[in-house]
Amino acid sequence: MKKDIENKLMNKNTKPTSMRILVYDFLSSQEAALSLSEIENHFENADRTTIYRTLKTFEEKGIVHSIQENATTKYKLCHDGCDEHTHKDWHLHFYCKICKQTTCKEDISFPENIQTQFRIDEIRLFAKGICENCLESLQ
């Protein structure tokens, strides 16, 4: 597993440091996007600045995409097709008002193959509502 993560980081021109490997591994096990504080809480002995720099490096290299949610930024791993020039996570980011989780809804997306006279580097689709799990528990 560690070797696989190292290879993924190196393929994105990112040096596989111990903290980067740990953060990548943790994010890969998460269904919902997480804030810096939520990630920091998982690594109780890690320096907040190191985690923040790791996330910023990941974002610059196309390893994670950030989701602006109110006044908070949350992070979720990108698909392998993203790189340092273009994020291809052109899907809906959904915030549940009940469980407070932000998830990627990849079945709702902006088409990537549209023909334009300009280059689209990033699209941010964001919605708020009640997720399927919370809706089910309300009934």
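Analyst: Let's begin with residue classes: Ala, Val, Leu, Ile, Met, Phe, Trp, Tyr, Cys and Pro count as nonpolar, Asp, Glu, Lys and Arg count as charged, and the others, Gly among them, count as polar. This is a predicted model, in which local features need pLDDT of at least 70 and side-chain atom pairs count only at pLDDT 80 or more, while totals for chains, interfaces and linings use all residues. Residues are numbered from 1 along each chain as its sequence is written, and side-chain values use heavy atoms, with hydrogens and water left out.

User: Thanks! Which classes are found in the lining of the largest pocket?

Analyst: That lining has six nonpolar, four polar and five charged residues. A pocket here is an open set of points on a 1 Å grid over the protein atoms alone, where a 1.4 Å probe fits, with protein on both sides within 12 Å along at least five of seven lines; lining residues have an atom within 4 Å of a point. β5 gives the largest share of the lining, four residues.

User: Why is Cys 96 called buried?

Analyst: Buried means under 20% relative accessible area, exposed over 50%, and partly exposed in between, using a 1.4 Å probe and protein chains only. Cys 96 has 1% relative accessibility, so it counts as buried. Cys 134, at 9%, is therefore buried too.

User: How do you know that the sulfur of Cys 96 has no bond to that of Cys 99?

Analyst: A disulfide is a pair of cysteine sulfur atoms within 2.5 Å. Cys 99 holds the closest cysteine sulfur to that of Cys 96, but at 3.6 Å, so the pair is too far for a bond. Cys 134 is in no disulfide either, with the sulfur of Cys 131 nearest at 3.6 Å. The structure as a whole holds zero disulfides.

User: What makes Asn 13 exposed, and why is Lys 100 only partly exposed?

Analyst: Asn 13 has a relative accessible area of 53%, so it counts as exposed. Lys 100 has 46%, so the label is partly exposed. Phi is near 55 degrees in Asn 13, a positive value in a residue other than glycine, and near 65 degrees in Lys 100, again positive. For background, most residues other than glycine have a negative phi.

User: Why is Pro 16 partly exposed, and which residues does it touch?

Analyst: Pro 16 has 25% relative accessibility, so it counts as partly exposed. Leaving out residues up to four places away in sequence, Pro 16 touches Glu 6, Leu 9, Met 10 and Ile 21, where contact means heavy atoms within 4.5 Å.

Notes: Helices (H or I, at least four residues) and strands (E, at least two) are DSSP runs, numbered from the N terminus.
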